[in-house]
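Trainee: Could you take me slowly through one part of this model, the place where two helices pack against each other, and then follow the charged side chains outward from there?

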Amino acid sequence: MKIAIASDHGGFEMKQALIKHFADKGVVLADLGTHDTCSVDYPDYADKMADYILSKQADLGILICGTGVGISIAANRHKGIRAALLYNDFVAQKAKEHNNANIIVFGGRTMNIDDVIRYCDIFLNATYEGGRHQQRLNKLDKGE
């Protein structure tokens with residue numbers, strides 16, 4: 001599985017910690033920026049990630065901003081993107097099983113790295129259920 005990661009300045013430290021965590025497991029993440037803590041605009045990184053996912057350069061994206069809210073709103077403006085803000089174990093599992101999220105989102109200033117790593121693991125180990133959930137996802141892409 002190819003995974004890309006991006007953040008604004010509020011998520012930079014968490015992004016770096018996740019890159020290290022995945023590297024320690026032998027997984028290299030495509031780093032789409034930002035590359036320091038200088039102030040940047042989260043919509044730019046959400047747009048970059050959406051383009052990356054929609055062009056199939058990665059199977060999954062990870063986005064991080066200060067709270068996770070702004071960057072998830074920005075990403076979800078793209079047709080075909082299903083960005084889910086994961087904030088507990090149950091949501092991490094259901095975001096995959098029911099929503100087949102293609103971007104997972106975290107708050108760099110509101111979450112701790114141990115929880116975020118656990119949410120990533122839960123999401124990555126879950127399986128999309130399809131069935132009745134697929135007809136709902138189809139409606140999202142039609143704008144219904």
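Mentor: What follows is a close look at one helix pair, then at the salt bridges, and finally at some backbone details.

This is a predicted model, in which local features need pLDDT of at least 70 and side-chain atom pairs count only at pLDDT 80 or more, while totals for chains, interfaces and linings use all residues. Residues are numbered from 1 along each chain as its sequence is written, and side-chain values use heavy atoms, with hydrogens and water left out.

The helices are α1, residues 12-24, and α5, residues 113-125, whose axes come within 11 Å and cross at roughly 55°. Helices here are DSSP runs of H or I with at least four residues, strands are runs of E with at least two, and both are numbered from the N terminus; the axes are lines fitted to C-alpha atoms, for helices over the stretch in contact, with angles running from 0 to 180 degrees between N-to-C directions. That crossing makes α1 oblique to α5, given that angles under 35 degrees count as roughly parallel, over 145 as roughly antiparallel, 65 to 115 as roughly perpendicular and the rest as oblique. The crossing of α1 and α5 is also right-handed, a term used when the near helix is turned clockwise from the far one by less than a right angle, whereas an anticlockwise turn would be left-handed.

On the α1 side the contact (heavy atoms within 4.5 Å) is made by M14, A17, L18, H21 and F22, and on the α5 side by I113, V116, I117, C120, D121 and L124. These residues divide into nine nonpolar, one polar and one charged, where Ala, Val, Leu, Ile, Met, Phe, Trp, Tyr, Cys and Pro count as nonpolar, Asp, Glu, Lys and Arg as charged, and the others, Gly among them, as polar.

D121, one of the contact residues of α5, also forms a salt bridge with K25, with the closest N and O atoms 3.2 Å apart. A salt bridge here is a side-chain nitrogen of Lys or Arg within 4 Å of a carboxyl oxygen of Asp or Glu, and the structure holds six of them. The D121 and K25 pair links distant parts of the chain, 96 residues apart, since K25 sits in the loop between α1 and β2 (30-31) and D121 in helix α5. D121 is partly exposed at a relative accessible area of 24%, on a scale where buried means under 20%, exposed over 50% and partly exposed in between, using a 1.4 Å probe and protein chains only.

Helix α5 also carries R118, which meets D89 of helix α4 (residues 89-97), so this pair ties together parts that are 29 residues apart in sequence; the N to O distance of this salt bridge is 2.9 Å. D89 is partly exposed at 32%, as is R118 at 35%, and D89, D115 and R118 are linked in a network of salt bridges. Within α4, K94 forms a salt bridge with E97 at 2.8 Å between the closest N and O atoms; K94 is partly exposed at 22%, whereas E97 is buried at 10%.

Turning to the backbone, N100 lies in the loop between α4 and β5 (103-107) and has a positive phi near 45° although it is a residue other than glycine; N100 is buried, at 19%.
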